[in-house]
Amino acid sequence: IMLRAKRDAAALGHVLVLVQAADTSSPAMPADFAAKLVNKVNPGDAGGMRSLLPVHVGMRIRLLEHLSEDKGLVKDTEGDVVHIAINPTDEDEVREARAEGRPAYLRHLPYGIWVRMEKYAAAPFCDELAECCGGIEPAESSHLVFIEPQTSAAFEFRKHKITRTSFPISHGKVITSTACQGRTVAGGVIIDAGCKDDGDVDSRWLHLYVMLSRAASSDDIILLRAPDQAFLTRGPPADMAARLRTFSARTRACRTAAEKCARKLGFTTVLRGAV
């Protein structure tokens, strides 16, 4: 995420802002524990928010939690950052970072992040914004959502009760194999096939299958740290292969029953078309 955010911010000419989550611990946490918590990769195990969130104007983000189910602002909904409302005490840091061409390390959480959400078009301030800021059409501002810092439910880390305050968002273009299940990724994917546990061959094969099948064509895939050909062609784990055979048998049985029913009802024309 950090590599992608740094590259994109530089390409777009925007300052990369680093937002540190504010954690409260009971009892007080030793510094070495706190350092390990900050380096925890999975936000799902840390209040649904990242310890350190890189964000910049133009970044594609996805929601890690529901904001409003009624309005379609649900988990995994994506949008684009259009403005970061920096706390005034951090404005000098952002100004210096821009001049020096480096990321800005904020000491305070921003007041909020303005995001343009494609699947939302019900912003209540469109007319007022058009009056205050000429040139902003209601059709454009209707997609704007102001995401404020949120405080998580308590979670446990090394026998400490933690609550985290930050933003429930992550980079929309960097996702795990688990989070990308069911998606078709337009424009291609870069897959890092590296594996933390090389001994868990079956699990690695399944994760790699999910990632490879996100693209519509093999021409749209760049594969990093790829395993050898023998690994890719070994086929699915034995348990999955057995389940696939069971599913295939059920499919054939259902098709046979459907054809029998169609003949009984006189739908021979439909059957000929299917054949």
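Here is a short chat about how some labels and values for this predicted model come about.

Student: What makes 24 Å a notable radius of gyration for the chain?

Tutor: Set it against the rule: a compact globule of 275 residues would come out near 19 Å, but the chain has 24 Å. The C-alpha atoms fill a box of roughly 75 × 50 × 40 Å along the principal axes.

Student: How do you know how H6 compares with its expected span?

Tutor: Helix H6 covers residues 201-212, which is 12 residues, and at 1.5 Å a residue it should span 16 Å. The expected span uses 1.5 Å times one less than the number of residues. The end C-alpha atoms of H6 are 16 Å apart, so the two values agree.

Student: Why is Trp-205 of H6 called buried?

Tutor: Because buried means under 20% relative accessible area. Trp-205 is listed as buried in H6, along with Arg-204, Leu-208, Val-210 and Met-211. Over the chain, buried residues make up 33% of the 275.

Student: And what covers those buried residues of H6?

Tutor: The cover includes strand E13 (189-192), strand E14 (221-224) and helix H7 (229-233). To count as a contact, heavy atoms must be within 4.5 Å.

Student: How many of the chain's contacts link residues 24 or more positions apart?

Tutor: Of the contacts with a separation of 6 or more, 68% do.

Student: What supplies the exposed area of the chain?

Tutor: Carbon and sulfur atoms supply 54% of the roughly 17100 Å² that the chain exposes.

Terms used: Residues are numbered from 1 along each chain as its sequence is written. This is a predicted model: local features need pLDDT of at least 70, side-chain atom pairs count only at pLDDT 80 or more; totals for chains, interfaces and linings use all residues. Side-chain values use heavy atoms; hydrogens and water are left out. The radius of gyration is taken over C-alpha atoms; the globule rule is 2.2 Å times the number of residues to the power 0.38. Buried means under 20% relative accessible area, exposed over 50%, partly exposed in between (1.4 Å probe, protein chains only). Accessible areas come from the Shrake-Rupley method with a 1.4 Å probe; for residues, only the protein chains shown count as cover. Helices (H or I, at least four residues) and strands (E, at least two) are DSSP runs, numbered from the N terminus.
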